[in-house]
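Reader: Please take one part of this chain and examine it closely. I should like a connected account that sets it in the context of the whole.

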Amino acid sequence: MFRFFRNHILFLFICAFCSCGDSCPDGVLFLGDFNLSDYEKSLIPYTGFEDLKFIDNGGREIMARTQPRELLDQEINTGPEECESWESEELDNFVNFIAQGFSIRLIIEAFDNNSTFQISYNETDNPSGQEVLSEIVNPMLGEAENIELFGFSFQEVFVFKSTLANGKIDTILFSANGKGIELIVFSDGNYLKSNNF
């Protein structure tokens, strides 16, 4: 019985000290509104449910389906006491390769006067099978590359490389002109090339 009262008294003592005082005595400091530019929003062209065609290295047609993109406004709190906050805009989209069992997630997020464009590979039947590729900070048309792979020329693309030594994806080429995914290169040397232009 003594142990029961001792534990309850200890609990009340901790609650009393933890709830004393305002964790943000001067109120929450609002740092600003960080929005995506029109150009950044145009990078992800998939606005609704769309069927996309890709050709694999064997010449077979592979279908993918996009989901409607979502433009999210979120309030973010920082600091140990969350006394600073800002609003951030994020554009989120998925391209689903249902028959192949994976999806590609596209995210562009504005924060602290910067933006980040990130692509990840997600296995449909394995939620922990996510691979995040390299990200591009402040994507601009002038930073896009012209590149040749597998005998194909790609103009003005962003190059996203795998960050894992043993990942399933090696490279994704993404159009800097609002055409979307142009090429997916797998680590085993196979590829899927967009056939949508």
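**A polar pair and a central strand**

Author: A polar contact of 3.0 Å joins the side chains of Asn96 and Gln67; a polar contact is a pair of N or O atoms within 3.5 Å, where within protein one must be able to donate a hydrogen and the other to accept it, and residues adjacent in sequence count only if both atoms are side-chain atoms. This is a predicted model, in which local features need pLDDT of at least 70 and side-chain atom pairs count only at pLDDT 80 or more, while totals for chains, interfaces and linings use all residues. Residues are numbered from 1 along each chain as its sequence is written, and side-chain values use heavy atoms, with hydrogens and water left out.

Asn96 lies in strand β5 (residues 84-97). Helices (H or I, at least four residues) and strands (E, at least two) are DSSP runs, numbered from the N terminus. With a relative accessible area of 18%, Asn96 is buried; the term means under 20% relative accessible area, with exposed over 50% and partly exposed in between (1.4 Å probe, protein chains only). Not counting residues up to four places away in sequence, Asn96 touches Ala64, Arg65, Gln67, Phe102 and Ser103, a contact being heavy atoms within 4.5 Å.

The strand to examine next is β7 (residues 114-123): eight of its 10 residues are buried, so β7 is largely enclosed by the rest of the structure. Two strands pair if DSSP finds at least two bridges between them. Strand β6 (residues 102-111) pairs with β7 in the antiparallel sense over 10 bridges, and Arg105 has Ser120 in β7 as its bridge partner. The hairpin of β6 and β7 has two residues between the strands, and there Asp112 takes a positive phi near 45 degrees.

β7 also pairs with strand β8 (residues 126-132), in the antiparallel sense over four bridges. Glu123 stands opposite Asn126 in β8, and β7 and β8 form a hairpin with two residues between them. A further antiparallel pairing, over two bridges, links β7 to strand β9 (residues 136-137), where Val137 is the bridge partner of Thr116.

As for the whole chain, it has two helices and 14 strands, and 36% of its 197 residues count as buried. Among contacts between residues at least 6 apart in sequence, 44% join residues at least 24 apart.
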